[in-house]
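Dear colleague,

I am handing over the structure below, followed by an account of what was found in it. Please read the notes with the model open beside them.

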Amino acid sequence: MRAPAHNNHRRFPVPAFYSESASPSFYALTAIAAAAGDSIALSRDPYFVSATKPAPERTVALVSGGGAGHEPMHAGFVGRGGLDAAVPGEVFTSPHSRQIFEASRAVAKSGGVLHIVKNYTGDCINFNIAAERLAAEGIECAQVLVDDDLGTDAGAVGRRGIAGTTLVEKVLGAAADSGPSLAELKELGDAVVAATRSLSVARRAHTSPGADQLAFDVNAGELEYGVGIHGESAKETIEQPTLEELTQRMVSELREALAEKLETSAGALLFVNGLGGLAPLELLHIQAAAHEALVDAGVNVRIAFSGNYTTALDMAGFSLTLTALNEEWVEYVCAPHDTVALPSPRLLPDDFDVRAGRKAENAGEGNGEHEASAGAKQASEWLNRFVETLAHSRAALDEIDQKAGDGDVGTNLANAAKATLAHASGADADLASDLNSIAEGFLNDTGGSSGPLFGLAFQEIAAAAKSGTSLVEGVKEARAAVTRVGGAEPGDRTIVDVLEAVASSGAEDLDAAAIAAGIDGAESTKDMSSGRGRSSYLGDRVLGTPDPGALGMALALALIAEGAGANVEAERERLAALIS
Ligand SMILES: Nc1ncnc2c1ncn2[C@@H]1O[C@H](COP(=O)(O)OP(=O)(O)OP(=O)(O)O)[C@@H](O)[C@H]1O
């Protein structure tokens, strides 16, 4: 029995942006028709979309359809180089046979109609009835049944049709444009299906239009393995492995299922399909990891792409589709098309190196954290303490920034501090050299706003340390430099409030009194609404929370004061209470 969810996703009301006065399925069809301009037409009774400018050589019409909730499939795949018509049902419900029949009859060509059907009982029934009605009218009709889902290999009703359908429709769409017969297209479609397998996982179920809870529970840290694109959960629940372990397992099962085909293939196609709830960045990571797993297993990956094509509403999951290619299919997969949403994959160059991204990380060619750890040099005790203290404050500053900004100030400062180690001048470096290293790390290796602005400030303080003038003079220069570049004035809820407080404190050196003034400056920002940075978009919501950048600057100045020999223990304690 499934364990009760402890992440309680289902208890929360589900926010949704569906119109309550329109069918989710048909309203979406209008939007797809609008996006296609005049290349597809929308029919209302019954509902379907059809291509208005099919290739003149096409002699067989391609018709597909199925329940809504999988957008952009199938309506987004209608147009030249794709389907002739798409017939949507309601959410996760097959279209009715009259829709399929009328759509097919409307687009039928001299060579007949080819139905592309995902293997689900309702879809099969309705497409089969429509085919009989077409035959009765003398319209020749054949069917390609897509059953690529390895997650249902052992079921009595056969494998389900999932993301592989996108690929089958892309290949048949390109092939049909040059005029092959119905029998030839069916043979091609069946061959692509036989050489294609997919496997899906999800870490969160979808929410249906109008529902107030997720469709099923997935405990935090677990994955549904072999999940479908409808409401049902998978047969297996697994502990979430690393991305590399997960893709290796999935790739190995897909390879095993296609072992014979792969042996004689012209390489493989990898397609990562988002189920609707993953970030594009996440899908790209999955694609890179699966591609690596395939290359590691000796598979010649000729085409690799990812995107949301066969979705399951907003399910947080993905499927991997593997196809054992032949040369003819490569051309079809990469052929141009005029549809709103079919993929446009490209052939990989022979020398493509899928590990290039990892190499950059390991060789220190990337940015931020990786670079610093790769190129770190020996540093003084004080510089190491500086880096560690900012690393230690990372989570607390991020949390404060979550309330009053974009949640990453702690991470940005910790990464910037770590980057200074690549510029360290050795274990015996004096404070002036260390401050210089810090300035370089923050200025040269850190993007965003806080990194360079902090760097600018440290550069001025380093110059003061080097010339032997008071560090408070350096802080005054820092305040001027930060305002010059960033435009913030005191009262804008930024690091300027700290620098100004120290600069105008009357302290002659960076001592306990100066640091206390700086902390006052940081604390005073809790009564300010923001004039600069990401928090400026939050209006009065930030009131009551101090500016995390200002707290970070107060902390950095306290560390510098310590490095210069001041006793600021009490001030550090006060800061620790504020940054907690
Ligand atoms: N114009 C500015 N002048 C002085 N300090 C600033 C300015 N803008 C932002 N800051 C300081 O930097 C901190 C972080 O700001 P913000 O969150 O905008 O940048 P970030 O997260 O470092 O980078 P990004 O610009 O990518 O978001 C703020 O808390 C504030 O103290």
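In which sense do strand 2 and strand 5 pair, and over how many bridges? Strand 2 (residues 47-51) pairs with strand 5 in the antiparallel sense, over 2 bridges; strands here are DSSP runs of E of at least two residues, helices are runs of H or I of at least four residues, and both are numbered from the N terminus. Two strands are said to pair if DSSP finds at least two bridges between them. Within this pair, S50 has A85 of strand 5 as its bridge partner.

Before the rest, a word on provenance: this is a predicted model, in which local features need pLDDT of at least 70 and side-chain atom pairs count only at pLDDT 80 or more, while totals for chains, interfaces and linings use all residues. Residues are numbered from 1 along each chain as its sequence is written, and side-chain values use heavy atoms, with hydrogens and water left out.

**The chain**

The chain has 20 helices and 14 strands, and its C-alpha trace spans about 100 × 55 × 50 Å along its principal axes. Of its 580 residues, 53% count as buried, where buried means under 20% relative accessible area, exposed means over 50% and partly exposed lies in between (1.4 Å probe, protein chains only). Among the contacts in the chain with a separation of 6 or more, 71% come from residues 24 or more positions apart, a contact being heavy atoms within 4.5 Å.

**The sheet with strands 2 and 5**

The pair described above belongs to an open sheet of 6 strands in the order 1-2-5-3-6-7, with mixed pairing. Its edge strands, each of which pairs on one side only, are strand 1 (40-44) and strand 7 (141-146), and the twist from one strand to the next averages 20°. Helix 1 packs on this sheet, where it touches strand 1, strand 2, strand 3 and strand 5, and its direction makes about 145° with that of strand 5; axes are lines fitted to C-alpha atoms, for helices over the stretch in contact, and angles run from 0 to 180 degrees between N-to-C directions. Helix 5 (residues 182-194) lies across strand 3, strand 6 (113-118) and strand 7, and runs at about 5° to strand 7.

**The sheet with strands 11 and 12**

Another open sheet of 6 strands has the order 10-9-8-13-11-12, again with mixed pairing. Here strand 10 (236-239) and strand 12 (301-307) are the edge strands, and neighbouring strands are turned by 20° against each other on average, direction ignored. Strand 11 (residues 268-274) and strand 12 run parallel and are joined by 6 bridges, in which L270 has A304 as a partner and L269 has I303. Helix 4 (residues 164-176) packs on the sheet and touches strand 8 (196-204), strand 11, strand 12 and strand 13 (316-324), its direction making about 140° with that of strand 8. Helix 9 (residues 327-334) lies across strand 11, strand 12 and strand 13, at about 30° to strand 12.

In strand 11, 7 of its 7 residues are buried: A268, L270, V272 and G274 point one way, and L269, F271 and N273 the other way. In a regular strand the side chains alternate between the two faces of the sheet.

**Cavities and a pocket**

A search of the whole structure finds 2 cavities of 30 Å³ or more. On a 1 Å grid over the protein atoms alone, a cavity is a set of points where a 1.4 Å probe fits but cannot get out, a pocket is an open set with protein on both sides within 12 Å along at least five of seven lines, and lining residues have an atom within 4 Å of a point. Grid points are joined across faces, edges and corners, and a volume is the space filled by probe spheres set on the points.

The largest cavity holds about 100 Å³ of space and is lined by 15 residues, of which E71, M73, H74, A75 and P88 lie nearest its centre. Helix 1 (24-35), strand 3 (61-68) and strand 5 (85-91) each give two or more residues to this lining.

The second largest pocket has a volume of about 360 Å³. Of its 19 lining residues, H285, A288, A289, E292 and R358 lie nearest its centre, and helix 8 supplies the largest share of the lining, 7 residues.

Best regards
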